[in-house]
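Please read the following report alongside the sequence and the coordinates. The sections move from a single loop residue to the sheets, a helix, the core and the domains.

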Amino acid sequence: MKDASGILIVAEYSDDKIKLVSFELVKKARELADKIGTSVFVFVMGHNLKNIDEFGEYGADKIYYADEPALENFDDTIYANITTDLIKLVNPEIVLAPATPIGRSFIPRVATYLETGLTADCIDLDIRVEDRILIQKRPAWGGNMIADIYCPVKRPQMATVRPGVFKAEKTGNNKAETERINSSNEALTKGFDLVRIEKDDFSENKLNNCNVIFSVGRGVDPALIPKIKELARLLDAGVGCTRPLVEGKIFPHSCQIGQSGTFVTPKVCFSLGISGAIQYTVGIKGAENNIAVNRDSDAQIFEVSDFGIVSDVNKIIPLLLEKIREIKGIK
Ligand SMILES: Cc1cc2nc3c(=O)[nH]c(=O)nc-3n(C[C@H](O)[C@H](O)[C@H](O)COP(=O)(O)OP(=O)(O)OC[C@H]3O[C@@H](n4cnc5c(N)ncnc54)[C@H](O)[C@@H]3O)c2cc1C
């Protein structure tokens, strides 16, 4: 697309709220846009949208929104049609979207409709000022190296970014303009009929939006997982895990922390029975306080922890639960 300019964030709105990752991307886009002197636009879609002005506080200059009953539940076809039409209208040079299950599902379709490239699952972004090329960093070769990927010819340059990679900080600017987008009936034509939505055990898991995380490793006896879930419920905390637990089908992939999972940024992250492989610790480096429990005093995890407990984690978990129940007055 000729004369493209500006950075557009395709925000995610679900369960009646703006997903935190959307603010993370707007804040990062502001930083990149200031380097090349351009604007930050946000596009958000859903039904009965609330608090969309908030994007201004994270650095957006203009917010486009589509609010239609047909957008209440995620539909690949509709979301892709409407986003493609909006991108053609705004003509941004860069489009960023969350690498969440929703983003991963429809953003590739948008890139195909626009006949441009897409780098999925970025873990960092920068911009080459002289030619406005977006430097899209993501793991490559099975995660053994980090590649810089460029899209030199086609526009927009498109990337999806993992939640938790950037911090959602307010910039103080809160006067973004808003514009409602009316979508055509054709664009709103459903791709499928929704029969029902089934939520799994972890659908309410707040890995990317919580103060405390209990992260479970291979050292934890699976019989203790109900106790960890109870701890998390009592403290409004998230539950994470290492990759072997996903491979062993003990947790879904949405719980995996690390290079090929999620990057987390809580106030406190407990790493329980986890050795501390780099592929895991890269995902917890954004936590304000890391606390590790491992029976091996030489475990690598202690090198990246603020506090360490050398002990059998399977004894610590029941004790911790008992203490929290006592503090909360639960028998
Ligand atoms: C390309 C690639 C990508 C990867 N991506 C990820 C990723 O995103 N996330 C991820 O987690 N991993 C990832 N991995 C795997 C990673 O390298 C490690 O294998 C994994 O993190 C190890 O998980 P763990 O610490 O639970 O298990 P282990 O390495 O087996 O560690 C178990 C730990 O528990 C301790 N322990 C055992 N019993 C007890 C007990 N009773 N009490 C206290 N401590 C105990 C042991 O001392 C040990 O330190 C990736 C690997 C590759 C090659």
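## A loop residue and its surroundings

In which loop is Lys167 found? In this model, which is predicted, Lys167 lies in the loop that runs between strand E11 (157-161) and strand E12 (177-180). Is Lys167 buried or exposed? Lys167 is exposed, because 11 other C-beta atoms lie within 10 Å, and a residue with 12 or fewer such atoms counts as exposed.

When residues up to four places away in sequence are left out, Lys167 touches Glu24, Lys27 and Thr265. With respect to Arg138, Lys167 is 29 residues away in sequence, and the two C-alpha atoms are 18 Å apart in space.

## The sheet of 7 strands

The strands E7-E11-E6-E1-E4-E5-E12, in that order, make up an open sheet of 7 strands with parallel pairing. Strand E7 (118-122) and E12 stand at its edges, and each has a single partner strand, so one side of each is left without a neighbour in the sheet. Direction ignored, neighbouring strands of this sheet are turned by 20 degrees against each other on average.

Several of the pairings can be followed residue by residue. E6 and E11 pair in the parallel sense over 5 bridges, with Ile94 standing opposite Gln157 in E11. Strand E1 (residues 7-10) pairs with E4, also in the parallel sense, over 4 bridges, and here Ile9 stands opposite Val42 in E4. E4 is in turn joined to strand E5 (residues 62-67) by 6 bridges, the two strands running parallel, and Ala66 in E5 is the bridge partner of Met45.

## Strand E4 and helix H2

How many residues of strand E4 (residues 40-46) are buried? The strand is mostly covered, with 7 of its 7 residues buried. Val40, Val42, Val44 and Gly46 point one way from E4, while Phe41, Phe43 and Met45 point the other way, and the residues of both groups are buried.

Helix H2 (residues 76-90) has 15 residues and spans 21 Å from its first C-alpha to its last, close to the 21 Å expected at 1.5 Å a residue. The helix packs on the sheet, where H2 touches E1, E4, E5 and E6, and its direction makes about 155 degrees with that of E4. The buried residues of H2, among them Ile78, Ile82, Leu86 and Val90, pack against E1, E4, E5, strand E6 (94-98) and helix H3 (101-113). An α-helix has 3.6 residues a turn, so residues three or four places apart point the same way. Just after H2, Asn91 takes a positive phi of about 55 degrees.

## The nonpolar core

Which members of the largest nonpolar core touch the most other members? Of its 89 residues, these are Val26, Val42, Phe43 and Leu96. The core draws at least three residues from each of domain 1 (7-180) and domain 2 (212-328). In soluble globular proteins, nonpolar side chains tend to be buried together.

Leu96 illustrates how such contacts reach across the chain: not counting residues up to four places away in sequence, Leu96 touches Ile7, Ile9, Leu25, Ala29, Ala159 and Val161. Val42, another of the four residues named for the core, is also the residue in E4 that stands opposite Ile9.

## The sheet of 5 strands

An open sheet of 5 strands, again with parallel pairing, has the order E14-E13-E15-E16-E17. Its edges are strand E14 (238-241) and strand E17 (307-310), each with a single partner strand, so one side of each is left without a neighbour in the sheet. From one strand to the next, the twist averages 20 degrees.

Strand E16 (residues 289-294) runs parallel to E17 and is joined to E17 by 4 bridges, with Ala292 standing opposite Gly308 in E17. Helix H4 (residues 225-234) lies across strand E13 (212-216) and E14, and runs at about 170 degrees to E13.

## The two domains

The protein chain is divided into domain 1 (7-180) and domain 2 (212-328). What distance separates the centres of domain 1 and domain 2? Taken over C-alpha atoms, the two centres are separated by 31 Å, and 7 residues of domain 1 are in contact with 8 residues of domain 2.

Conventions:
Residues are numbered from 1 along each chain as its sequence is written. This is a predicted model: local features need pLDDT of at least 70, side-chain atom pairs count only at pLDDT 80 or more; totals for chains, interfaces and linings use all residues. A residue is buried if 20 or more other C-beta atoms lie within 10 Å of its own, exposed if 12 or fewer, and partly exposed in between; C-beta atoms are placed from the backbone. Two residues are in contact if their C-beta atoms, placed from the backbone, lie within 7 Å. Two strands pair if DSSP finds at least two bridges between them. The expected span of a helix is 1.5 Å times one less than its number of residues. A nonpolar core is a set of buried Ala, Val, Leu, Ile, Met, Phe, Trp, Tyr and Cys residues joined through C-beta atoms within 7 Å. Domain bounds come from an automatic or database domain assignment. Axes are lines fitted to C-alpha atoms, for helices over the stretch in contact, and angles run from 0 to 180 degrees between N-to-C directions.
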